[in-house]
Structure formats: structure tokens, C-alpha cells
Amino acid sequence: MTNKKSPGSCAADDRGAGLPLSRDPPGPCGDPRALPRTMTGVAVCAGSVCTVKALWEGRIQRLKEDRENEKERSKRKSVRGIALVWQDRINLARLKEKVITEEGRIVLRIEKEEWKSLPNALQQMTYLQEWQIHRTGLETIPRFVEKFDSLLVLDLSRNSVKEIPKEIGQLTKLRELYVSYNRLREVPEELGGCENLEKLDLAVNRDLCDLPEQLSNLQRLYHLDLSINSFTTFPSAVLNMPALEWLDMGSNKLQELPDDVARMENLHTIWLQRNEIVHLPEAISKLKNLSTLVLTSNKLQKIPICMEEMINLRFVNLRDNPLQLQVTLPQCENAEEEENRELFGIEFMQAYIQELKNSGPA
């Protein structure tokens, strides 16, 4: 027999089948508590949907903004790239205007213009054989200098260079390097790799006070200028340069010459003016090829007798030294000879040594 539902029954109909039953005790169908519970659920659901929608809309907006920003950055980058390309072309054109041919070499000559750095466009001119860049305010030597494997002369004197890059050692054909009147404090050991270097000018860097031992690898170097710097001792690397013929160490702070100075057996000219040298070692007389010796404005108290053995010496200057013996040269026969006389030269040195011999042991 089929059960009939009475109109007042609160039992669930078939639409509620399968739904979890409330833990609250059942009430009559007209119980007003049932309606608020249903409306609360709908409100919570609606709030969650709104929150999720707001989050997604925010994310979508941020994505749109990011894409717009990326497009703008790409556009600016593209514009900068085009500008750089055009700037390179302009720089290259400027550089090519300064190329000349001199003594059969292709030379880049820049003088009295402001070039604190050299542009990347210069890398397209690796055929250059010589750089002459003077009074430009140049502060750095570009590391791409190593690409100029045809470079024979690098002249960067009278600038503001503070450092020689280690890449300089790749220039195995380089014969002459001039970096005088700059602001160098040190020289890289890699410079010793320039095996064909013949002339090196490091004068007037003022704070330079030492040379790396690796420079003794410069077996062909015959001309070295270290004047007007801060050397207090004779660099050992210099003593090991077998081809060295001309050396200027004037206006430093040298107090003595090394006892093995005779190792520079090919030396014919040495400038030592304006130092603090107190005495000369006996070994100086073994510099058989020395023809020019300048020792003005030092602190020498005597001239060693052994110097009379230096038969190839042609020019000597010993002016402004506190020598112990007072030597007066005899009068010349005519006024012209007297006028051209070097009062502290070879004749003076010979007279001093003779007077020293005559005075006997101190």
C-alpha cells in the first residue's frame, strides 16, 4: 500500500534525496529558521565569486600593463640600438678622416681633441700600423687593442692614461711604445710578451716606482726612458735587458747604482741627473761601451779613480755635486776655447782624479 503524504507533513520530497541531512532537529515546514540558512549560503557563494573575479581581473590588468611596458622597453631598446649603429658609423667616419700614411705606415693621428675613450668603431680598423694620440685627455687604453696585430708603434704620450691593459702583451709585432706624461702607477707584467719591442718611454708618470721582472724578456729593447718618476732603487729587470743601449733615469729618487751595473754591457748613454746618488760603485768602470754619463745635481762626494779606465767616455757632466776636493782647471789659451769649455766635463773629471791621486789615501 502506498503511503500518502499529508499536507502538513514536513518529510523531504524526492528532490532532496541524496542530500546530507541537517544536524538540527527537524521542524515544521513553516519554520522560519529554514529560510535564513538557505539565503546565507547563497550570499557566501556570491561573495566568493566576486572575490575570485576581482583577483582575475587584477591579474589580467597587470598582465596587460606588463605587456605594454615590455613593448615600450623593446621599442626604446630598438631605438637605442639604431642610435648606437648610427653613432658607430659617425665615429668610424671621424676616425677614418684622421688616417694618414707616414713613412710607409698607416697611421691614426689624433691631437688636441677630446677623446677620453676610444670608440668601439675603432675595432673595424685593425689594419692600422701606428697610433699617434696626443693631448686628447684619453683615460683608458681599450682592451680590444689586442686585435691590432699589425701595430708597430703605439704613441699615447701626454694624456691621462692610468693603466696599461694586460692585453698589450698580445702585440707581438709592436716595436715602440710611448706612454710618457700620463698617470701610470704600474706596468703590467704582460708587457714582457711584446718580444719585438725596441723603444719604451715611461717618462713623467711621477708615481711609477717599479717594473715587473718579466720585462727582462724584452731582449730587443735598446731605448728606455724612466725619467721623472719615483724610483728609489734600480729595477732589476733593467739589468737583464741585454740589448739596452740608452737609459734615462733622471729626476727619480735613486741613492745608489747596483754593484752589478756592468751587466748592461751594451749601454752607451745613461742619464742620472737630479737623483740622490752619494757614491758610484767600482763596477761602473767596466761599462766599456759607455760614452755619455750625466750625473748633475746628485750628492756625490768624490769621483772614483777607476773611472779613468773608461776610455770610451766622451761626455760627462758632474755639475752641482758636493765634491770634497776643490779642483780648478787651468786657463785655456784663447777665449773661444774657454767659452766652449765644459767646466764639469771630461777634463774636470780627469783633473779631479789626478788631484785625488796626488792627495794620497784619505
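**Close-up views: salt bridges, strands and a loop**

**View 1. Arg263 and its partner Asp260.** Arg263 is partly exposed here, with a relative accessible area of 41%. Keep in mind for this and every other view that you are looking at a predicted model. The side chain of Arg263 meets that of Asp260 in a salt bridge, at 2.7 Å from N to O. Asp260 counts as partly exposed too, with a relative accessibility of 31%. The pair belongs to a structure that holds 9 salt bridges.

**View 2. The whole chain, before zooming in again.** Step back for a moment and you have a chain with 4 helices and 11 strands. Of its 362 residues, 37% are buried. The chain exposes about 22,500 Å², and carbon and sulfur atoms supply 50% of that area. As for how the chain meets itself, take the contacts between residues at least 6 apart in sequence: 33% of them join residues at least 24 apart.

**View 3. The 11-stranded sheet.** Follow the strands across and you can read off the order β1-β2-β3-β4-β5-β6-β7-β8-β9-β10-β11, in an open sheet with mixed pairing. The edges are β1 (99–102) and β11 (315–317), each of which pairs on one side only. Ignoring direction, neighbouring strands of this sheet are turned by 10° against each other on average. As a reminder, strands of a sheet pair through backbone hydrogen bonds, either parallel or antiparallel.

**View 4. The β1–β2 hairpin.** Zoom in on edge strand β1 and you'll find that β1 and β2 make a hairpin, with 2 residues between them. Glu103 sits in the turn and has a positive phi of about 50°. The two strands pair in the antiparallel sense, over 4 bridges. To pick out one match across the hairpin, start at Ile100: its bridge partner in β2 is Val107.

**View 5. Arg105 reaches Glu130.** Here the side chains of Arg105 and Glu130 meet in a salt bridge, 2.8 Å from N to O. The pair links distant parts of the chain, with Arg105 in strand β2 (residues 105–111) and Glu130 in strand β3 (residues 130–134), 25 residues apart. The two ends don't get the same label for accessibility: Arg105 is partly exposed at 22%, whereas Glu130 is buried at 4%. Glu130 counts as buried because its relative accessibility of 4% falls under the 20% cut-off.

**View 6. What surrounds Glu130.** Stay with Glu130 in strand β3 and look at what its side chain is doing. Besides the 2.8 Å polar contact with the side chain of Arg105, there is a polar contact of 2.6 Å with the side chain of Gln132. Setting aside residues up to four places away in sequence, Glu130 touches Glu102, Arg105, Ile106, Val107, Leu108, Leu151 and Val153. Val107 may ring a bell from the hairpin view, where Val107 was the bridge partner of Ile100.

**View 7. A salt bridge between two loops.** Arg185 and Asp207 form a salt bridge, with 3.6 Å between the closest N and O atoms. This pair also links distant parts of the chain: Arg185 is in the loop between β5 (176–178) and β6 (199–201), while Asp207 is in the loop between β6 and β7 (223–225), 22 residues apart. Arg185 counts as exposed, with a relative accessibility of 60%. Asp207, on the other hand, counts as partly exposed at 40%.

**View 8. A salt-bridge network.** This one goes beyond a simple pair: Arg94, Lys98 and Glu113 are linked in a network of salt bridges. Find the three side chains of Arg94, Lys98 and Glu113 to see who takes part.

**View 9. Gln255 in its loop.** Last stop is the loop between β8 (246–248) and β9 (269–271), where you'll find Gln255. Leaving aside neighbours within four places in sequence, Gln255 is in contact with Thr232, Glu276, Ile277 and Val278. For a sense of distance, try Leu300: Gln255 and Leu300 are 45 residues apart in sequence and 10.0 Å apart in space, going from C-alpha to C-alpha.

How values were computed
Residues numbered from 1 in each chain as written. Predicted model: local features only at pLDDT ≥ 70, side-chain atom pairs only at ≥ 80, totals over all residues. Heavy atoms only, no water. Buried < 20%, exposed > 50% of the residue type's maximum accessible area, 1.4 Å probe, protein only. Contact = heavy atoms within 4.5 Å. Areas by Shrake-Rupley, 256 points an atom, 1.4 Å probe, with all protein chains shown as cover. Salt bridge = Lys/Arg side-chain N within 4 Å of Asp/Glu carboxyl O. Polar contact = N/O pair within 3.5 Å; in protein donor to acceptor, adjacent residues only side chain to side chain. Pairing = 2+ DSSP bridges. Axes fitted to C-alpha atoms, helices over the stretch in contact; angles between N-to-C directions.
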